[in-house]
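Colleague: Could you take me through one part of this model up close? I'd like the sheet, strand by strand, plus a quick word on any surface charge.

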Amino acid sequence: MEREVGLDGLGDLALHIILSKLCPADNVRVSCVSKRLRISASEDSLWAQFCLQDLHLSTPQDHQGNPAPSFKAAYQFWREAFAMYPWPLVLRVKRCWDKLKKWLSNNFPEAEATLRRGASESDIQRLQTLLKVKLPIPTRLLYRFHDGQELTDKEHSARMLGSSLGIIGGYSFYNHLVNVYLLPISQVIVETRGVIRHLGFSSRSNNIVVAASSSYSEKLFFLNCTNGQLYVGTRNLPTDGEMIQCVPNALVRSVHVLHGDCQQDAMLLWLEEHGRRLENGIIKVREEGTVRSISLFPEVPPLCCTAVTNGVQVRASAVFVPEFADLQDDAEKYMFAYSIRLSLLPEGCIINGMTFSSCQLNWRHWIIRANEDIVSDVNGEAVIGKFPLLHPGEDEFVYESCTPLPSSSGSVEGSFTFVPGRYCTNYD
């Protein structure tokens, strides 16, 4: 005859295994049944497992990074700090920030150091009151974890062109330099008021400035607090407020709903995609002299194309430049910047079985298409006035340029002609 055994009748190990299969909320409920279950459900080894699974915490700490007396206390601190928010969304936003911070810590620690501590609910309420908006729930949580970036006067003055520590990154070509950082709440208020005052935006537009370029080249990102969409300003922003959305509308949903687990606004989706690109090596830190910054030019296929001929390697990729777009100009509606990286592989330049220890660019030919129509055919000497001389194993010679297109899709193809050895001294 089989005998039923209650939880109180189980051994300690069996009981621990069963409790570890429950969620934290069910463990709290079980602890109300009996004294023994209360003791077992309160074991810190059990809550260490919950903290690791849910919050990826290996040490007990609260949401501000302060030490907690136990893992159970840490979990309780987290739940209390975000009690007004859907817990699945809290965990999702934490994963987003954790991914970004892990990459920054390993690759760009000086930028990670600019992240501010999380904003308080009173900070968020002050923004909402002053700007007469209601922040989407995901964006509120993003600010609760980190209140944007703090770029000090020292970091700005270190370079005449602005700080290079924006965690969103940017690009440069000719005299145009962009490096985007996340604004803290205090600056969101200032910048948004400035836009309302100088650009003629309505104070009821519900658009707030959440990210901007720290350099003299202006690039502004706006969050629409009503629909949760993220926009970036175009060339016509100062004249008629023209903007381009950053995320497909179909992906933005339930931005003001406090129940369920389906909330996602464009700000969260944008940062999640940015973290994915960083983590997968699609975009990386670029070093130019002593300056380090996140370059938005893709580094891996299929977004970066690579060709090798006779030991010469050419890599090319492009980015959309929305701040130069003009949606009212049919001929030059969109602007793209492209980055070309030239290098000589370690084996040198090999032609007809002969090896040369260097080669120099002489000529380049570009054919630029919008859809299938040729919009530009560039054929001439040098690149940006230079004849780069390549040696095996040296850093890539990098140059950037840009081209306008009448359509949002296009292509660039062409060739470079190199001369073995050296044929002129104008290579810098």
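Modeller: Surface charge, then: R126, K132, R193 and R197 come together there as a positively charged patch. R126 belongs to helix α8, which covers residues 121-131. Bear in mind that this is a predicted model.

Now the sheet. It's an open one with four strands, ordered β9-β10-β11-β17 and paired antiparallel. The edges are taken by β9 (304-309) and β17 (397-405); each has a single partner strand, so one side of each has no neighbour in the sheet. On average, and ignoring direction, neighbouring strands here are turned by 20° against each other.

Let's walk across from the β9 edge. β9 runs antiparallel to β10 (residues 312-320), and six bridges join the two. One pair to look for is A307 with its bridge partner V314 in β10. β9 and β10 form a hairpin with two residues between the strands, and that's where you'll find N310 with a positive phi near 55°.

Next step: β10 pairs with β11 over nine bridges, again in the antiparallel sense. Here, S317 sits opposite S339 of β11. Then β11, residues 334-344, meets β17 through nine bridges, antiparallel as well. In that pairing, M335 has P404 of β17 as its bridge partner. As a general point, the strands of a sheet are paired by backbone hydrogen bonds, parallel or antiparallel. With β17 you're at the other edge, where the strand again has a single partner.

Terms used: Residues numbered from 1 in each chain as written. Predicted model: local features only at pLDDT ≥ 70, side-chain atom pairs only at ≥ 80, totals over all residues. Heavy atoms only, no water. Patch = residues over 30% accessible without salt bridge, like charges linked within 9 Å, V, L, I, M, F, W, Y side chains within 5 Å. Areas by Shrake-Rupley, 256 points an atom, 1.4 Å probe, with all protein chains shown as cover. Salt bridge = Lys/Arg side-chain N within 4 Å of Asp/Glu carboxyl O. Lys, Arg positive; Asp, Glu negative; His and termini not counted. Charge placed at Lys NZ, Arg CZ, Asp CG, Glu CD. Pairing = 2+ DSSP bridges. Axes fitted to C-alpha atoms, helices over the stretch in contact; angles between N-to-C directions.
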